[in-house]
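User: Please take a close look at the largest pocket in this model, and tell me which residues line the largest pocket.

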Amino acid sequence: MTVSDEGVIDFAGIDKKTGRLELTLIDHLAWGEVYDDAHLLLLQSKLNAYLQFIESGQVDEHFTPDKYEGVVIRIIAKYPFSADCLTLLNFGRRVIKDAGFDLEWETEPMDDGDKN
């Protein structure tokens, strides 16, 4: 499951340290001028789906609300974000914060296997 799978929550769990419910989105796509617009639309659509999952109450069908304190949408990306993507993420962070949740992101290179 990745950013390309719009109707799916990639990973979800409660962080034992913070007590927050983390809904993790995996972005495996590279950034490049040719594909940036399509990539941005995929990411925006996936973020909207995550927010809808939370706001619609579907999240409570899978996680008991009294078992966690707060919700964070976390994006883990294989490639560094483009400038346009960071603009989208910063805007999204404000919108999601206004809705009562958090948005965090990081670039975490994925292991492409042995390169020997």
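Analyst: Two helices, α1 and α3, each supply at least two residues of the lining of the largest pocket, where helices are DSSP runs of H or I with at least four residues, strands are runs of E with at least two, and both are numbered from the N terminus. This is a predicted model, in which local features need pLDDT of at least 70 and side-chain atom pairs count only at pLDDT 80 or more, while totals for chains, interfaces and linings use all residues. Residues are numbered from 1 along each chain as its sequence is written, and side-chain values use heavy atoms, with hydrogens and water left out.

A pocket here is an open set of points on a 1 Å grid over the protein atoms alone, where a 1.4 Å probe fits, with protein on both sides within 12 Å along at least five of seven lines, and lining residues have an atom within 4 Å of a point. The lining consists of Q44, L47, N48, L51, L88, F91, G92, V95 and I96, and its largest share, five residues, comes from α3. By class, six of the lining residues are nonpolar, three are polar and none is charged, with Ala, Val, Leu, Ile, Met, Phe, Trp, Tyr, Cys and Pro counted as nonpolar, Asp, Glu, Lys and Arg as charged, and the others, Gly among them, as polar. The pocket holds about 160 Å³ of space, a volume filled by probe spheres set on grid points that are joined across faces, edges and corners.

One of the lining residues, L47, is in contact (heavy atoms within 4.5 Å) with L25, I73, I75, L89 and L103, leaving aside its neighbours within four places in sequence.
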